[in-house]
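Got a minute to walk through this one with me? I'd like to go question by question.

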Protein chains: 2
Amino acid sequence: MATLGIDLGGTKIALGVLDKDRLVYSARAATPQSGAEDVFATMIALAREALDRAGVLVRAVGVGTPGPIDFATGTVRFAPNIPHFQDVPLGPRLEEALGLPVVLENDANAAALAEHHLGAARGAASSLFVTVSTGIGGGLVVGGRVWHGAFGQTGELGHVTVLPGGPVCGCGNRGCLEAVASGRALARDASYAYAEAVTTPQLFERWRARDPKALELVGGAAGYLGQALADAQKLFDPEVIVLGGGVVHGGGGEAFLAEVRRAFAEHARGWRIAALRRAELGERAGVVGAALAAQGAGERSS
Amino acid sequence: MATLGIDLGGTKIALGVLDKDRLVYSARAATPQSGAEDVFATMIALAREALDRAGVLVRAVGVGTPGPIDFATGTVRFAPNIPHFQDVPLGPRLEEALGLPVVLENDANAAALAEHHLGAARGAASSLFVTVSTGIGGGLVVGGRVWHGAFGQTGELGHVTVLPGGPVCGCGNRGCLEAVASGRALARDASYAYAEAVTTPQLFERWRARDPKALELVGGAAGYLGQALADAQKLFDPEVIVLGGGVVHGGGGEAFLAEVRRAFAEHARGWRIAALRRAELGERAGVVGAALAAQGAGERSS
């Protein structure tokens, strides 16, 4: 069954129609910064055009959104990077405008679903997806479905404590993985260490040039990531772990992944560990995952 | 459907017949220390007597065992506290002797299942069970079933890293929760702090008497437990967490649980957290959980 996936981000709205596991139509537009009504108008115009032009019968719509979702009412409680976007009844509004069932999903969970079914974790019975970018997010997939947990907080590897008493995280706790290994944390530590403003891409440039401070900073982040992955292995025991996001792709690449893999094995001596793979779908993961979420669990038991 | 649950421990073999969620027959015997054949003989004799005398038709047998299990072949790879018990085909041997299907389950997972269905977590959609005794074990239940993970390593909260670079754990890694908060770790640290041999029960006696060193030692363990529970909340997000084992029951009791609860909330500021409850089934959890495991997942979707 063909479904429409919409990936609502802070700077762009991307969407695509997925038919038999292939994207048969794609489009995107800038995210209006002027409030929820303009965001709605853009999404609905893009979606209507997609339904008209995709050439297949679309039966449901999935939307990946940042921030917490009230799944019972289809409401986005807030979207951290979209101005004036709070308590928005996204599900019901889109259902009314498009005349199709609409499913909301957290954007990291949508990407997890996409990598599980059609990306780096395809064929696995369970997978953990982790995205390391400005922040660190993630999602868990078991039996082909996102595991949401009791309060929609699963797969939040970024908020596992890896350095007790360490830096205060955006979430308010100390020493979270995100507070020591995210792109933002790396830029903070690099700017301090070099006593000048250093961006994450600049840090990774120096790391590739084997600058000693950069080696120490990036090596530390890889170590914390490995430590948190080992924790996840002992609690949830996934078959495959997929790493995505700017720090892994644009930043560190395969050499960084190898450091993470080494630290992961070191923190799980005597334990069996998941295969650690780079995400394959890149930016498309959001759209593909939203479309997969719309297919519903019953119709897609991988 | 009535099932027989057998709890194979290092010092005793306990068993019971569960019918309509009630134990209608119970028995136990000392675990032979003379090898697998004598363990078999004792288990089979106890089981036959149970089948004869329970007064209900038993249709399947579940066995909770310590140590890793090869689920595909029904083999116990080894049982840490039972001499000469290695690569034992427990499942096939019992099936042959009793003429009933036999299901093996890890003992902590069996207890998790029992507390989920008939104990402190009944009614919850998901639960994490943690036992704090000599060591720290656990199990995860989702949708009424134990989640085994890819390598049978789920719910191993005892081996989450809580103190990077801390004491070397029995598993070979540093700073595991078990290495700083288990009964054995507490006895080690108390014996050092008091410069004399101090057992865990003695430590908790001093803790109840508000001895400063004991307050520091036990408070530290509660803090690490809370930290690890917060990690579990962010990765697996259970609805209910059940704490059992000697340190929680005989040792610290409700006051200790309150300290753990405080630390849990402190390490998860801004997050929603599971209800933290004391285990209700005590020693019966092993037998009840083994019997529940024998009922099979399909016939028991809570």
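What follows is a short chat about a predicted model.

Me: What average pLDDT does chain A have?
Reply: Remember that this is a predicted model, so confidence comes up early; pLDDT is the predictor's confidence in each residue, from 0 to 100. In chain A, 98% of the residues score at least 70. The average for chain A is 94.

Me: Which residues of chain A stay under pLDDT 50?
Reply: Where pLDDT is low, the predicted coordinates shouldn't be read in detail. The stretch you're after has nine contacts beyond four places in sequence in the model. It's residues 297–302 of chain A.

Me: How many Å separate the centres of domain 1 and domain 2 of chain A?
Reply: The domain assignment gives domain 1 of chain A as 2–107 + 283–295, and domain 2 as 120–278. Taken over C-alpha atoms, their centres are separated by 28 Å.

Me: What kind of axis relates the two copies?
Reply: Chain A superposes on chain B with a rotation of 180° and 0.0 Å of shift along the axis, at RMSD 0.0 Å. The two copies are therefore related as by a two-fold rotation axis. The same surface serves both copies, with 100% of the contact residues of chain A recurring in chain B. As for the name of the axis, that's a two-fold rotation axis.

Me: Which helix gives the largest share of the side of chain A that touches chain B?
Reply: Chain A and chain B each put 35 residues into the contact. On the chain A side, seven residues come from one helix, residues 212–235. That largest share belongs to helix α7 of chain A.

Me: How many nonpolar residues does the side of chain A that touches chain B have?
Reply: Sorted by class, that side has 13 polar and seven charged residues. The nonpolar count is 15.

Terms used. Residues are numbered from 1 along each chain as its sequence is written. Chains are lettered from A and ligands numbered from 1 in the order in which they are written. This is a predicted model: local features need pLDDT of at least 70, side-chain atom pairs count only at pLDDT 80 or more; totals for chains, interfaces and linings use all residues. Domain bounds come from an automatic or database domain assignment. Two residues are in contact if their C-beta atoms, placed from the backbone, lie within 7 Å. Copies are superposed by least squares on the C-alpha atoms of residues with pLDDT of at least 70 in both. Helices (H or I, at least four residues) and strands (E, at least two) are DSSP runs, numbered from the N terminus. Ala, Val, Leu, Ile, Met, Phe, Trp, Tyr, Cys and Pro count as nonpolar, Asp, Glu, Lys and Arg as charged, and the others, Gly among them, as polar.
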